[in-house]
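I opened this entry to record what I looked up in the structure, element by element. The notes follow the order in which I checked the contacts.

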Amino acid sequence: MQILKLILSILVPPLGVFLMVGVNVTLLINILLTLLGWLPGAIHAVWIYSKQTEQVNP
C-alpha cells in the first residue's frame with residue numbers, strides 16, 4: 001500500500017495526499033499548489049508522504 005501512495009503522490013498529488021491525511025488543510029494546500037502547476041503539487045505530496053512514513057518508522 002505504501003508504494004501505491006507514493007506513486008499516486010507523484011502522478012495525482014491531491015489523491016495521494018487525501019489517502020495519507022484525509023480531508024484537512026493539508027489537502028487544500030496541495031490542491032492549490034497543484035492548480036498552480038503539477039510540479040509544486042507533486043513536490044508537496046512527496047514531502048507529506050515522507051513525513052507520514054517518518055512518523056510511522058522512526
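Helices here are DSSP runs of H or I of at least four residues, numbered from the N terminus. I note at the outset that the model is predicted. With helices so delimited, I found that G22, just after α2, takes a positive phi of about 80 degrees.

**Entry 1. The annotated span.**
I consulted the UniProt record, an unreviewed entry, which lists residues 7–25 under "transmembrane region". In the model, I found that this span is 79% helix and 0% strand. Its end C-alpha atoms lie 22 Å apart.

**Entry 2. Helix α1.**
I asked which residues of α1 are buried. They are K5, L8 and S9. Viewed down the axis of α1, the buried residues fall within an arc of 105 degrees, so they line one face of the helix. I then turned to the face directed away from that buried side and found the exposed residues I3 and L11 there. For the buried residues of α1, I recorded α2 and α4 as the packing partners.

**Entry 3. α1 against α4.**
I looked up how helix α1 (residues 2–11) and helix α4 (residues 38–56) are arranged. Their axes come within 7 Å and cross at roughly 160 degrees. Angles over 145 degrees count as roughly antiparallel, and α1 is therefore roughly antiparallel to α4. From α1, I listed Q2, K5, L6, S9, I10 and L11 in this contact; from α4, the residues they meet are W38, A42, A45, V46, Y49 and T53. Sorted by class, the residues of the contact of α1 with α4 are eight nonpolar, three polar and one charged.

**Entry 4. Helix α2.**
Which residues are buried in helix α2 (residues 13–21)? I found P13, P14, G16, V17 and M20. These cover an arc of only 160 degrees around the axis, which puts them on the same side of α2. The buried residues of α2 pack against α1, α3 (25–36) and α4.

**Entry 5. G16.**
I examined G16 separately, as a residue of helix α2. Its relative accessibility is 0%, and G16 therefore counts as buried, the cut-off being under 20%. Leaving aside neighbours within four places in sequence, I found G16 in contact with K5, L8 and S9. These are the residues I had recorded as buried in α1. I also checked G16 against L27: the two are eleven residues apart in sequence, and their C-alpha atoms are 9.3 Å apart in space.

**Entry 6. α2 against α3.**
I next asked at what angle α2 and α3 pack. The angle is about 170 degrees, and the axes are 9 Å apart. That makes α2 roughly antiparallel to α3. On the α2 side, the contact is made by P13, P14, V17, F18 and V21; on the α3 side, by T26, L27, N30, I31 and T34. I counted seven nonpolar, three polar and no charged residues in the contact of α2 with α3.

**Entry 7. I31.**
I closed with I31, which lies in helix α3 and takes part in the contact with α2. Is I31 buried, exposed or partly exposed? I31 is partly exposed, with a relative accessible area of 33%. I checked I31 against A45, 14 residues apart along the chain, and found their C-alpha atoms separated by 9.9 Å. A45 is among the α4 residues that I had listed in the contact with α1.

Conventions. Residues are numbered from 1 along each chain as its sequence is written. This is a predicted model: local features need pLDDT of at least 70, side-chain atom pairs count only at pLDDT 80 or more; totals for chains, interfaces and linings use all residues. Side-chain values use heavy atoms; hydrogens and water are left out. UniProt positions are given in the numbering used here, feature names are shortened, and annotations may be inferred rather than shown by experiment. Helices (H or I, at least four residues) and strands (E, at least two) are DSSP runs, numbered from the N terminus. Axes are lines fitted to C-alpha atoms, for helices over the stretch in contact, and angles run from 0 to 180 degrees between N-to-C directions. Angles under 35 degrees count as roughly parallel, over 145 as roughly antiparallel, 65 to 115 as roughly perpendicular and the rest as oblique. Contact means heavy atoms within 4.5 Å. Ala, Val, Leu, Ile, Met, Phe, Trp, Tyr, Cys and Pro count as nonpolar, Asp, Glu, Lys and Arg as charged, and the others, Gly among them, as polar. Buried means under 20% relative accessible area, exposed over 50%, partly exposed in between (1.4 Å probe, protein chains only). The arc is that of the directions from the helix axis to the C-beta atoms.
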